[in-house]
Structures are given as structure tokens and as C-alpha cells.
Amino acid sequence: MAITSANQLELLQTAEAVAREKMIDPGLVVDAMEESLARAAKSRYGAEMDIRVSIDRKTGKATFTRVRTVVDEEELENYQAEFTVEQAKQYMANPEVGQEFIEEVPPVEMGRIAAQSAKQVILQKVREAERDRQYEEFKDRAGTIINGLVKREEYGNVIVDVGAGEAILRRNEKIGRESYRPNDRIRVYIKDVRREQRGPQIFLSRTAPEFMAELFKMEVPEIYDGIIEIKAVARDPGSRAKIAVISYDGSIDPVGACVGMRGSRVQAVVNELQGEKIDIIPWNEDQPTFLVNALQPAEVSKVVLDEEAGKIEVVVPEEQLSLAIGRRGQNVRLASQLTALDIDIMTEEQESARRQAEFELRTKLFVDNLDLDEFFAQLLVSEGFSNLEEVAYVELDELLVIDGVDEGTAGELQARARDVIEAQNKAALESARSLGVEDSLVEFEGLTPQMIEALAKDDVKTLEDFATCADWELAGGWTTANGERVKDDGVLEPFDVSLEDAQDMIMTARIMLGWVDPADLEPEAEDEQDDATVEEAEA
């Protein structure tokens, strides 16, 4: 086809129609038309030429121009699109490098193949513009709820029409055995929006904990207004969930506000989640208190928190054990997710048996090593003594508080404990040396003979070996594997060496070996001192 006055206006009308249908900027469609016409013109005039097409946005008139750029003689490569200063003088008065000479050329007749190519260019540009528009529209909506229309189901995944495009609800993001038919309305959570080659991919979810949080935000005005905050959510999709809330207004009960009049608010969320039972729990900064709330409806007798390990022991009455654990461990699993702690549940009888076993073990330690009768050893354990070091090096006054212990008895007790410790240290050191431990490690300050023996058994026999250890290899730690916290045992963990102690010892060893310059560590200390000075000045 030829670009004539008869179809000039038609170009703009087509651009408007396409832009309206695809909900994109008409200017983008006109740009695509200009590019397609320029490509057709190049096939007519020559691919080496720099042919440009400009369509007037008001009249639709297409102007074809040939552009030639003035370049240095050494840089001249394309004779059709470039020329030198000398060559340009016949067309331009004072040509300079970088200037462009533009001349209009006759419009081209577009054959069938050229027209088809132009159509492909326009469609491609329109598709790209449509994808960009979809991505820009949805990228900021990740983390929100949207209503959509089910289009079809593919291999268990649901394709949802979200207005300006399609989104996918994967099989594992559906609640239970939900099934949908075409044209069903569906409420979903936008989990992620990614820009990919085949266009923006919008991933939906109905199992995400955030979906429940957003539903409560829609149903409870106090949450939307920020008076009540959702601090944590744990879900077993389609079965049970726990949600922790806190109120920043003393006059508003966060649990009551979320439940609503006669349970109307929480029931609306339950209905949307296919009958999922929801426990609404008051948040508390104190972790043990929060955990007691999280294990509702079970009653808790006692809580023992190990902050360093991120573990917590919960003691419950025998009749409450099954309720605390829940069906297939559901209650304790959700409470663990909610509090981000590993929870060990035991009955009062189990805890009593464990405490009794520890008591007997410590009693036996004192009976065997200090040559005491069982009754006297039990007195020591009852007063809180758990090892020989505590007996040997404690202040004498702390032994005198035990019934029947005078200064002479206390002194004898400590002497026996010290003799046993010295014998144990000597034996441990001999064992370590037999394993090949070098003096550099034996003389390192901070390591006891028992620690050195444990290191030797783990093939750490020199100061260099010790300096290459990681802090968690010595003190132990916790890692997360496949969503579960896994314990890493440390070589010196039985000796109550903390992670900070391990870091200090390793750094000291590296300084002694010359691997680390102490001067490199000083600025940090200076910064801390400066911060402390500033804080004192502010105070």
C-alpha cells in the first residue's frame, strides 16, 4: 500500500483503536508504526541507509527522510549513512563533525511482504508496551488482596483473570482441595510479581499467612487504622491458624476487636478460608508469657526459656498434654511458628523424672569423687552445687550455710575437690599429649586441660589448627535446614564456652600467630569509645 492522503487519517484511527483496546499510550502505537514504515522503506532504498519516518500526530501524514551524519574521514564506514566534511560541503554551508543532513525522500509502495513485516513489528511493540503496562500496574500491588475471575485450570494450577492480565494460583497455594470452575469469582493474595521474557508473571496465593493478615485488615477497621497491629501469623491452611495481635490503645481489647460482635468479624475471615479455625492471641513482649498464650487452649504449668539456643521447654499437666500438642502436633507446631522458638513439651511427671535423674547424677558425682555419704552429697546438690569446680573454688561462707558443716569440714571438702580436679587435669593433659598436642596449644591462656583433650580428639593439636576454627565449631550453634532448626554441636560446648568467648579466643590465637594486626582492630574500639563519649555528653 502507498501512504496517501486517503489513508493518512486511518493510521491515527488505527493507533487510537489499538491503544484503547490494549489500554496503552497511543503514542507507543504510532512509534511502532513509524519503526515499521522505516523498516519497509529501508528494504526499498537500501538497508545501509538511515531512513526515518515521522507521523504527524494530528494529520496522520507520514514523512520519510534520509539522514546522513558528518564524520571524520578516518571514521567513515557506512557511505550510505555517513559522509566526510569535504563531501558534506556540497549540501551544507559550514559542515561540522556530528551534524546531520536531513533530506526528504518519496514515500514507498508497501508490497504484501513489507506490509506483513510492518504488521509484525507493530504487534510486537504493542505486546511489549502491554507487558510493561501490566508490570508497572501490578509491581506495587504485591502484598495486597485482589478479586479475580477464574479462566481455566491447568494441571491443578488456576489461571485467574485479574483485569489487566492473567495471574497464576499454583496448586500448592490453594487451600486444601479447593476446586474452581470457569467464571468463578475468587479472592487471592498477590504473593509476587516478576518481570520475565514472556511478560510479567503474577503469582497468587490463598495459603500465605499474609493473606489472613490482609483479610483481617479488611474486616477490622482498628487494624486498618493502625490502632491494632498483627504481630505474627501461623497457618495450617484450611485447618487451623493462630494470629497474634496487640493494641496501642489501652481502651481497646485487641482480641475482642478482631472477634467482633457475636464473632461477625472473625467469621467473615473463617468463611473466606474454607472454615479454617482461627485462634486470636494477645501479643506479649515477654516470650514465655506469649508462648503460654500461643499454646491456648492448653494450660501451661511452667516455662523454661533457653534464649541462646532459641529453645523453650514447656511443662503441662498430664491431662493437658494431648491438647497442648494438638492433632498430629498441630497446636505446638503453630505455636512454634508464631513464636519462632523450638518448643519441647513435657508433662509434670516427665519433668519431675528428669529433675530426679539430674539430682541423682550430681549426687553420684560427689559421692564417687569426694568420698561422701549419699545424704551429705544430696545436701550439696540441694544447695545448688552441680560440679566439683563450684565446691573447690566457692567462697567458704557458701559451704558453711549447709547444716552440719563447720570451717574444718568445709576446708576438707574443698581440699578433696581440688585434689580430684588436679588429678583429672593431669590425666587429661597426658591424654592430650599422647594424641600429639603441641605446647603452643597447651600454653594458650583460656583453655583447660579437659578442653585441650577434647580439641585433640577433634584433631585440633596446634595453635594454627585452633586459629583456623570457626566460632560455631567450638561453641556450637543452630542452623536452619529445610525449614527446621538443626543443632550443630561444638567441641567446647560441654564446657559452657559461649559464641563470644570462642570468637575472642580464636582472634587472640590469630593475633599471636601474626595473622591479624591488632592495630586493625583498634578503630572499632575507638569508635565505641567515641560513641560512649557522645552518649555521656548527651546525658
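The exercises below, each with a worked solution, concern a predicted model of a protein chain.

**Exercise 1. Describe the chain as a whole: its secondary structure, its burial, its contacts and its surface.**

Step 1. The protein chain holds 22 helices and 17 strands.

Step 2. Of its 539 residues, 40% are buried.

Step 3. Take the contacts with a separation of 6 or more: 53% of them are between residues 24 or more positions apart.

Step 4. The accessible surface is about 31200 Å², and carbon and sulfur atoms contribute 46% of that area.

**Exercise 2. Determine how many residues of helix 18 are buried, and which elements cover them.**

Step 1. Helix 18 spans residues 449–457, and seven of these nine residues are buried, which leaves the helix mostly covered.

Step 2. The buried positions are Pro449, Met451, Ile452, Glu453, Ala454, Leu455 and Ala456.

Step 3. The cover over these residues includes helix 16 (407–434), helix 17 (439–442), helix 19 (463–467) and helix 20 (471–475).

Step 4. Look next at the two ends of the helix. Before it, in the loop between helix 17 and helix 18, lies Gly446. Leaving aside residues up to four places away in sequence, Gly446 touches Met451 and Met505; Met451 is one of the buried residues of helix 18. Gly446 also lies 9.4 Å from Asp501, C-alpha to C-alpha, with their positions 55 residues apart in sequence. After the helix comes Asp459, with a positive phi near 70 degrees.

**Exercise 3. Establish whether Arg235 is buried or exposed, and find the partners of its side chain.**

Step 1. Arg235 belongs to strand 10 (residues 228–236).

Step 2. Its relative accessible area is 8%; buried means under 20%, so Arg235 counts as buried.

Step 3. One partner is a backbone atom: the Arg235 side chain reaches the oxygen of Thr207 at 3.2 Å.

Step 4. Another partner is a side chain: Arg235 and Glu276 are joined by a polar contact of 2.9 Å.

**Exercise 4. Characterise the second largest pocket by volume and lining.**

Step 1. The volume of the second largest pocket is about 480 Å³.

Step 2. Its lining consists of 16 residues, and those closest to the centre are Asn387, Glu389, Gln450, Pro494 and Phe495.

Step 3. Helix 14 (388–393), helix 16 and helix 18 each give two or more residues to this lining.

Step 4. By type, the lining of the second largest pocket has eight nonpolar, six polar and two charged residues.

**Exercise 5. Locate the unusual backbone geometry at Pro297, Asp371 and Asp496.**

Step 1. Recall the background: most residues other than glycine have a negative phi, and most peptide bonds are trans.

Step 2. The peptide bond between Gln296 and Pro297 is cis, with omega about 10 degrees. Pro297 sits in the loop between helix 9 (287–294) and strand 13 (302–306).

Step 3. Asp371, not a glycine, has a positive phi of about 55 degrees. Its loop runs between helix 12 (348–370) and helix 13 (374–382). With a relative accessible area of 63%, Asp371 is exposed.

Step 4. Asp496 is not a glycine either, and its phi is positive, about 60 degrees. Asp496 is in the loop between strand 17 (484–488) and helix 21 (499–512). Its relative accessible area of 68% makes Asp496 exposed.

How values were computed. Residues are numbered from 1 along each chain as its sequence is written. This is a predicted model: local features need pLDDT of at least 70, side-chain atom pairs count only at pLDDT 80 or more; totals for chains, interfaces and linings use all residues. Side-chain values use heavy atoms; hydrogens and water are left out. Helices (H or I, at least four residues) and strands (E, at least two) are DSSP runs, numbered from the N terminus. Buried means under 20% relative accessible area, exposed over 50%, partly exposed in between (1.4 Å probe, protein chains only). Contact means heavy atoms within 4.5 Å. Accessible areas come from the Shrake-Rupley method with a 1.4 Å probe; for residues, only the protein chains shown count as cover. A polar contact is a pair of N or O atoms within 3.5 Å; within protein, one must be able to donate a hydrogen and the other to accept it, and residues adjacent in sequence count only if both atoms are side-chain atoms. On a 1 Å grid over the protein atoms alone, a cavity is a set of points where a 1.4 Å probe fits but cannot get out, and a pocket is an open set with protein on both sides within 12 Å along at least five of seven lines; lining residues have an atom within 4 Å of a point. Grid points are joined across faces, edges and corners, and a volume is the space filled by probe spheres set on the points. Ala, Val, Leu, Ile, Met, Phe, Trp, Tyr, Cys and Pro count as nonpolar, Asp, Glu, Lys and Arg as charged, and the others, Gly among them, as polar.
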